[in-house]
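Reader: I would like a close look at one part of this structure, the surroundings of the ligands. Please start there, and then connect that part to the rest.

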Amino acid sequence: MKVSPAPFLFRGGIHPPDSKTATAALPLKDLPLPARLEVSTSQHLGAPAAPCVAVGDRVTAGQLIAKASGFISANVHAPAAGTIAAIREAPTPTGRTATAIIIETDADAPAGEPPYKPIPDWREQAPRSLLDRVAEAGIVGMGGAGFPTHVKLSPPGDKPIDTLILNGAECEPFLNSDNRLLIERAEQVWEGCQIIRRILGAGTIRVAIEDNKREAAKALAAAMESAPDDAHIHLLKTLYPQGSEKQQIYSVTGRTVPMGGLPMDVGCVVENVATAYAVWDAVVNGRPLTARAITVTGDAVNTPTNWFAPVGTSFADLVAASGGARDNLAKLIAGGPMMGFALPSLEVAMSKTSSGLLLFPRECVRPYRSMACINCGRCVEACPLGLMPNELSQAAEADDIDEAENRHVMDCFECGACAYVCPARRPLVQHMRRAKAVITQRRRAAAQQKKT
Ligand code: SF4
Ligand code: SF4
């Protein structure tokens, strides 16, 4: 097993201050069980899961409470034993609302058996049975997108996967949840990665870690000591967005995912380190995905902390456990500052994809004044995909959605690099998001019409 710098570097990208020092050295702490959990049925990309419990039911830890309701969907389980207090609409960290199952938890309930049979001898098992376990356990991409993992690990037969990339870049400023997971639970992450490789039948494993996380790389290298020659750690230059799939595939393999294409088009699958950990837990211990690492930080929280917390924990409970918010709290962000979502209040519950909660004081929040584009071209230089954010946003603003589509707006993954460098403070990402939403709606309507 070798450790070496990544052989390639994608175009564009930016260098925001990494702001990770407040929590980089803080070990993960288990959050005391909250009295209530608000577990959303929509913690993933695709159709929300369908509740299979009713108000008043008693549930055990890990019990299935909402079933995947389509090909692209994911099961949802109770993070703790308790009683179903309500099933109602609730806000999610992405700003949407979805049905949530409210559990009044029972801290005295015995731990009990895991809901699924552990498979410690997974090396002897057929890949299909391991894939079924990933689906049962409700595992989704925990790096942010929330794409159901069992779907991602089922590429069509004509798209063979030769390379699995384990994504430990964590390029978003402020966040250390993946970093700490790698430092503290490297062996479990590495075993999860090998399980994923068995499912995919991929020959090669490449691990991608930014070069500002040397301790994480060292811990993983120790866990991989006896790994075969086809496993390799690449240290990526610290550059945003090294954690995005297409850029990472290029940095590590030199392969370019075509516009409109997917990683499987170039023989790759990228999985986040937290996802690999969840796969290990589901297969080896029989436990579904009901908890994750999350960094709570920013200058408006009293005690920045890296938590390992049950999904469904309200952000208010997380902040209270982190010593509370300071009086000058002015802005809340779920996720990282580049791709996260601003929250209107702390009355939102964390999900399977919540890697961070940021609290910023008034002095860090500048009033937002946007001006006309001055055609400086900085956004074009920054875009890692080679898009023209200035022209795309102008097309979207003028409601010329066809033009935006022709210029590949659907490839924009909303990394925010263009907006970060824009001297006119143009709301570029918001324009892209709106254009993409209109196009998605149109495509859905067309598909529906075709069906009828
Ligand atoms: S937000 Fe979209 S257009 Fe802007 S830099 Fe990122 S990928 Fe390019
Ligand atoms: S960075 Fe801003 S001002 Fe410069 S070209 Fe892009 S949109 Fe226009």
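Author: For the classes used here, Ala, Val, Leu, Ile, Met, Phe, Trp, Tyr, Cys and Pro count as nonpolar, Asp, Glu, Lys and Arg as charged, and the others, Gly among them, as polar. The model is a predicted one.

Start with ligand 2. The residues around ligand 2 include four cysteines by name: Cys373, Cys376, Cys379 and Cys422. Ile374, Asn375, Gly377 and Asn390 are also around ligand 2. Pro423, Ala424 and Leu428 complete the list. By class, this shell has 8 nonpolar, 3 polar and no charged residues.

One residue of that shell deserves a stop. Asn375 sits in the loop between strand S18 (356–361) and helix H10 (378–382). Its phi is positive, about 55 degrees, although Asn375 is not a glycine. Most residues other than glycine have a negative phi. Is Asn375 buried or exposed? Asn375 counts as exposed, because its relative accessibility is 60% and the cut-off for exposed is over 50%.

Now ligand 1. Around it are Cys383, Pro384, Pro389, Cys412 and Phe413. Glu414, Cys415, Gly416, Cys418 and Met432 are there too. This shell divides into 8 nonpolar, 1 polar and 1 charged.

Glu414 belongs to the shell of ligand 1. Glu414 lies in the loop between helix H12 (401–406) and helix H13 (417–421). Glu414 also has a positive phi, about 60 degrees, and is not a glycine. Its relative accessibility is 18%. Glu414 therefore counts as buried, since the limit is under 20%.

The shell of ligand 1 leads on to Pro241. Pro241 touches Pro384, Phe413 and Cys415, and these three residues are around ligand 1. Pro241 also touches Phe10, Gly13, Cys171 and Gln247. These contacts leave out residues up to four places away in sequence. Pro241 is in the loop between S12 and helix H7 (245–253). The peptide bond that joins Tyr240 and Pro241 is cis, with omega at about 5 degrees. Most peptide bonds are trans. Pro241 is buried, because its relative accessible area is 2%. Pro241 and Arg444 are 203 residues apart in sequence, and their C-alpha atoms are 29 Å apart in space.

Strand S12 (231–236) brings in the largest nonpolar core, as one of the elements that give two or more residues to it. That core has 53 residues. Trp190 and Leu220 have the most contacts inside it. Other elements that give two or more residues include helix H2 (127–136), strand S10 (163–168), helix H4 (177–184) and strand S11 (204–210). Helix H5 (186–200), helix H6 (214–223) and helix H8 (273–285) do so as well. H8 gives the largest share, 10 residues. There is also a second, separate core of 19 residues. It includes Leu385, Leu387, Ala395 and Val409.

Back to Leu220. Leaving aside neighbours within four places in sequence, Leu220 is in contact with Leu166, Leu182, Ala186 and Trp190. Val207, Ile209 and Ile233 are in contact with Leu220 too. Leu220 also takes part in the packing of H5 and H6. Ala186, Glu187 and Trp190 in H5 meet Ala219, Leu220 and Ala223 in H6. By class, that contact has 5 nonpolar, no polar and 1 charged residues. The two helices pack at an angle of about 65 degrees, with axes 8 Å apart. The crossing of H5 over H6 is right-handed.

H4 is next. Why is H4 largely enclosed by the rest of the structure? Because 7 of its 8 residues are buried. The buried ones are Ser177, Asp178, Asn179, Arg180, Leu181, Leu182 and Ile183.

Last, one loop elsewhere. The loop between strand S3 (36–40) and strand S4 (50–51) holds Ser42. Leu45 is placed in the loop between S3 and S4. Ser42 is buried, with a relative accessible area of 7%. Leu45 is partly exposed, with a relative accessible area of 45%. Not counting residues up to four places away in sequence, Ser42 touches Pro48, Thr92, Arg96 and Ala98. With neighbours within four places left aside, Leu45 is in contact with Ile72, Ala145, Gly146, Phe147 and Pro148. Leu45 and Ile72 are 27 residues apart in sequence, yet 7.2 Å apart in space from C-alpha to C-alpha.

Methods
Residues numbered from 1 in each chain as written. Chains lettered and ligands numbered in written order. Predicted model: local features only at pLDDT ≥ 70, side-chain atom pairs only at ≥ 80, totals over all residues. Heavy atoms only, no water. Core = buried A, V, L, I, M, F, W, Y, C linked by side-chain atoms within 4.5 Å. Buried < 20%, exposed > 50% of the residue type's maximum accessible area, 1.4 Å probe, protein only. Helix = DSSP H or I, 4+ residues; strand = E, 2+ residues; numbered from the N terminus. Contact = heavy atoms within 4.5 Å. Near = heavy atom within 4 Å. Axes fitted to C-alpha atoms, helices over the stretch in contact; angles between N-to-C directions. Left-handed = near helix turned anticlockwise from the far one by under 90°.
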